[in-house]
Amino acid sequence: MTDVSSTRRDVAHADDLRSPSPALGSHVTASAPVFVSLSVLDLFKVGIGPSSSHTVGPMRAAWDFVRLLDVAGAREETARLRIDLFGSLGATGSGHGTDTAVMLGLSGHAPDTVTTDEIADTLAAIRERRELVLGGLHAVPFDETTAVVFRPLTLRPEHPNALRITAYDAAGETLQSHGYYSIGGGFVMRHDEGDVLAPVPEPDAAAGALPMPFSTGDQLLAHCRDAGLSIAEVMLANETAWRSEAETIGALEHIWQVMQECVDAGIATDGVLPGGLDVKRRAKGWHDKLLTRSADPEGRPDLLEGMEWVNLFALAVNEENAAGNRVVTAPTNGAAGIIPAVMHYADRFVDVPERRLPWPVEFLLVAGAIGIIIKANASISGAEVGCQGEVGSACAMAAAGFGSIIGATPEQIENAAEIGIEHNLGLTCDPIRGLVQIPCIERNAMASVKAINAARMAAHGDGTHFVSLDTAVETMRRTGADMSDKYKETAMGGLAVTFVDC
């Protein structure tokens, strides 16, 4: 459990976030004709570990804050900075690297481009010189022990992942103060004057009207039936609202390449993960054993060898994530190992027939479609609905993607995703010491195997089933609403407090 007493005191602050607005997690019902304009590349982002909502999102928020300072011409006037981390960000912010992520963002770094060396050098310089170079151009005195204020007991009704960044001039007057909500998967909302909630813009956020918009599974299947298209083809058609088909394919091939590089890095690195739990990396040793076993001609065949490799791939990714290295948010960092593990399993063990699209592109498009439905109607944030929103969502997305490349119909794919969600309902987010290590790393491995099984089960049916994907997603939303905050990424319940740290 996070030692709240060791953090800066959780006291009232005049520049607190504004009064309550409608909850960010409010859902879209299956009957409502509301469509969400999300791109597959909104769900799959290159970033750094260990958490998309606690690391990537706050870093993007800090980047946005510097941008707004520049718009107002106030960067050079800034003489002091304050960062307030509320709720879940305050409770597990140190373990998830939220404090350092904001410092990096204020320094001008972005999660998709910053390198490991730049992270280390920037943080070392801030701590040694006790100053932060705002946006990489203007030095401001900065002592993180007083500038970063952890406020775990101050909960915002809009979302549990809340922060506020404030800049002051030399006379102590407020130059700018903006509240932000990191709502999962690296998505960020800005909370400005007058209770205006606005999404922090992505670099390529502008989009035209989608040719086949959908927010529910039923709407997606209707498009497939009416147009005679696969789920991947519907998604690709919608992506043309942002960019050309060739650009989308190229971007998704890059995502797959980064996933492969992440697995390669994970199986090449041993040692102990940072954070104080002294969790040993297992992927490299596991990989060496599997290679030795495969090379032994006298060895008895292991009928479950494929599952061993799936476990390995997931461990490799999540150990990289826990170390704060480069991963793909899929759809979050805490669940980043599931989709890459299933894709690596397909690459190694499945003879995927030739198709119009490269199979990794098809996989990611279909997985992205399921992620859009879940985000539109429930949540992918562990701090909002527990780990069912992270690992459960990734499991459903991976099941759908895998189902597609093994030849499942749209109805079977929807069934596979439903199985993935249904059998993760109620999953809590209770990381020990707030670190994305225990139980998160093994949980990704378990869900990866579950995703493959879900797809294979659905492929044996005809697509008809009792519980629809939309019903399962709505159930996940309601379950998250009923779940105690102790089990929503606060390190205040479950394994986080049952575990005895000797």
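1. A residue counts as buried when its relative accessible area is under 20%. By that criterion strand E2, residues 80-86, is mostly covered in this predicted model: six of its seven residues are buried.

2. Strand E2 pairs with two other strands. Seven bridges connect E2 to strand E6 (residues 161-168), and these two strands run antiparallel. Within that pairing, Arg-80 has Tyr-168 of E6 as its bridge partner. Strand E5 (residues 148-151), by contrast, runs parallel to E2 and is joined to E2 by four bridges. Here Phe-86 stands opposite Arg-151 of E5.

3. Helix H4, spanning residues 98-106, is mostly covered, with nine of its nine residues buried. The buried set includes the polar residues Thr-98, Asp-99 and Thr-100 as well as Val-102, Met-103 and Leu-104. Just after H4, Gly-108 adopts a positive phi of about 100°.

4. Thr-248 belongs to helix H9, which covers residues 245-268. The relative accessibility of Thr-248 is 0%, so Thr-248 counts as buried. When neighbours within four places in sequence are left aside, Thr-248 is in contact with Leu-236, Glu-239 and Arg-243.

5. The packing of helix H11 (residues 305-322) on helix H12 (residues 338-349) has an angle of about 140°, and the two axes are 8 Å apart. The pair is therefore oblique, since only angles over 145 degrees would count as roughly antiparallel. The crossing of H11 over H12 is right-handed. On the H11 side the contacts include Trp-309, Val-310 and Phe-313, and on the H12 side they include His-344, Tyr-345 and Phe-349.

6. Helices H15 (residues 391-405) and H17 pack with their axes 8 Å apart, at an angle of about 40°. This arrangement is likewise classed as oblique, because the angle would have to be under 35 degrees to count as roughly parallel. H15 passes H17 in a right-handed crossing. Residues contributed by H15 include Val-391, Cys-395, Ala-398 and Phe-402. Among those contributed by H17 are Arg-443, Asn-444, Ala-447 and Lys-450.

7. Arg-443 deserves a separate comment. Arg-443 is found in helix H17, residues 440-459, and its relative accessible area is 17%. Arg-443 is buried because that value falls under the 20% cut-off. Not counting residues up to four places away in sequence, Arg-443 touches Cys-387, Val-391, Leu-427, Thr-428, Cys-429 and Asp-430. One of these, Val-391, lies in H15 and is part of the interface with H17. The C-alpha atom of Arg-443 is also separated by 8.5 Å from that of Ala-335, although the two residues are 108 residues apart along the chain.

8. What number of disulfides does a search of the whole structure find? The search returns zero. Cys-429 is accordingly in no disulfide, and the nearest cysteine sulfur, that of Cys-387, is 5.4 Å away. A disulfide requires the two sulfur atoms to be within 2.5 Å, so this pair does not qualify. Both cysteines are nevertheless among the residues touched by Arg-443.

9. Is Cys-429 buried or exposed? Cys-429 counts as buried, at 9% relative accessibility. Cys-224 is also buried, with a relative accessible area of 5%.

Notes: Residues numbered from 1 in each chain as written. Predicted model: local features only at pLDDT ≥ 70, side-chain atom pairs only at ≥ 80, totals over all residues. Heavy atoms only, no water. Buried < 20%, exposed > 50% of the residue type's maximum accessible area, 1.4 Å probe, protein only. Contact = heavy atoms within 4.5 Å. Pairing = 2+ DSSP bridges. Axes fitted to C-alpha atoms, helices over the stretch in contact; angles between N-to-C directions. Parallel < 35°, antiparallel > 145°, perpendicular 65-115°, else oblique. Left-handed = near helix turned anticlockwise from the far one by under 90°.
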